[in-house]
Amino acid sequence: LLDAARARAEAARGLNALISLNDGAEQQAAAVQARLNAGELLPLAGLPIVIKDNLNLTGMRTTCASRMLEQYVSPYTATAVQRLLDAGAVVVGKANMDEFAMGSSGESSAFGPTLNPWDISRVTGGTSSGSAAAVAAGLVSVSLGSDTGGSVRQPAALCGVYGLKPTYGRVSRYGLVAHASSLDQIGPLARSAADLALLMNVIAGHDPRDATSLDAPPAFVAGTPEDLRGLRVGVITESLGGNTAGVSAVLESTLDALRGAGATVGEVSLPALKHAIATYYLISMPEASSNLARYDGMVYGLRGEGNDVGSSMTRTRERGFGREVQRRIMIGTYALSSGYYDAYYSKATRVRRLIANEFSAAFGQFDVLVTPTSPFPAFRLGEKMDDPLTMYAADVDTVAINLAGLPALSVPAGFEEVDGKRLPVGIQFIAPTLQDELLVRIAGGLE
Ligand code: GLN
């Protein structure tokens, strides 16, 4: 399996899905073999996997697709990754991503963009770009990404695979390089509901090393059409405008499939969602500016030369961070500064509460909520790179879920034909807190 994954990675090199290959993979595979020979039963025995390059694995570089950490070798392993290894998985390599998980296209990587396997003139979505491309192109059948505002779900949708953002706290973030700590979650990408279930049963669960970790043992199974009978599905009306014709058509056909299986479909309005993007960026940027303060050239990674501490730090950050990261640190610092804190950060936290309350109210009426994952399929490389606000708008359907801490799953649900190419379209299902299992049941039911 490892050889096959490597051969596939070699053949698909042009996609730029991986930043590093794991030299220790043979050793991991041999250790799995020895455990099997000793009679152990391992749920993921020998399964090749790719992990996003913001997840630590001892002895490998963790670059976050940044010049800042290009040479940083991790001295420890993330809990989610360790659990995969304990279950018998073999890490083939580490996936390309937007620098420090900031972006919506996979283009903000210091190592170049990841290309979409369905059409290499198009983006994969971001920020778990390589994790999505690696699964879509068949390098591996499962991967790990991270989702702060849509970074597992949106690239999953644009690459035609499943992507789950678990309930905040369901998967330990220990060993995940922080972007915005109140929003970050690790999540799996896969080609079937059964594989999602397999992975979640391994990586989810309490971890004393993450203070926000919840004690909720995972019990995932891929569902059957039976699971859809009587399910109350609410379509969020705010997500119905602004979609391409193909995305609207795929949403309709998904709703038809749900009705056909005995679900009831209604509509629900969450008016505060119109503030979701503004709120998300006013919370994520300040948190990122605070988290990224540690890259000052003193402890981790790159160090710029200067005559004193101040000029050395400035030089480090000029050289180490790309444009989008610099922009966010500046905006984030501004929004936290005295005199602006109340107007921006503090107000955003209040709107965040409002959004969470509207979700809770909607769940009084419906078991799950539905939206497209993205208003459009994969766009062309370069199309949005000069205009950050247009890029941020790509997150319109995903960011509110992180603000509310909810679980959500992007399901590959159909295609839109653009310029003679079939581009995948994803539909997003959103569940109440800790009902991640329901999402995987629904996905199985729709397969
Ligand atoms: N596109 C969002 C952002 O740039 C999502 C990032 C993420 O989920 N890591 O912040």
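Serine 151 is buried, because 36 other C-beta atoms lie within 10 Å of its own, where buried stands for 20 or more such atoms, exposed for 12 or fewer, and partly exposed for anything in between, with C-beta atoms placed from the backbone. This is a predicted model, in which local features need pLDDT of at least 70 and side-chain atom pairs count only at pLDDT 80 or more, while totals for chains, interfaces and linings use all residues. Residues are numbered from 1 along each chain as its sequence is written. The mean pLDDT of the chain is 97, and 100% of its residues reach 70 or more, pLDDT being the predictor's confidence in each residue, from 0 to 100.

Serine 151 also appears in a UniProt record: the unreviewed entry gives the annotation "active site" to Lys52 and Ser151. Although these residues are spread over 100 residues of sequence, they cluster in space, with a largest C-alpha distance of 10.9 Å. UniProt positions are given in the numbering used here, feature names are shortened, and annotations may be inferred rather than shown by experiment.

The table sets out the place and burial of each residue, with helices (H or I, at least four residues) and strands (E, at least two) taken as DSSP runs numbered from the N terminus.

| Residue | Place | Other C-beta atoms within 10 Å |
|---|---|---|
| Lysine 52 | strand E2 (residues 48-52) | 32 atoms, buried |
| Serine 151 | loop between strand E6 (142-147) and helix H5 (153-159) | 36 atoms, buried |

Contacts are pairs of residues whose C-beta atoms, placed from the backbone, lie within 7 Å. With residues up to four places away in sequence not counted, lysine 52 touches Ala95, Met97, Ser128, Ser131, Leu144, Gly145 and Ser146. On that basis, serine 151 touches Ala101, Gly126, Thr127, Ser128, Gly145 and Ser146.

Serine 151 is also listed among the closest of the 13 residues that surround the ligand, together with Ala101, Ser104, Thr148 and Gly149; a residue is near a molecule or strand if its C-beta atom, placed from the backbone, lies within 6 Å of it.

Elsewhere, the largest nonpolar core has 131 residues, and those with the most contacts inside it are Ile49, Tyr162, Leu196, Val368, Phe429 and Ala443. Such a core is a set of buried Ala, Val, Leu, Ile, Met, Phe, Trp, Tyr and Cys residues joined through C-beta atoms within 7 Å. Helix H6 (residues 193-203) gives the most to this core, with eight residues. Leaving aside neighbours within four places in sequence, leucine 196 is in contact with Tyr162, Leu164, Pro188, Ala190, Val440 and Ala443.

How values were computed: Contact = placed C-beta atoms within 7 Å.
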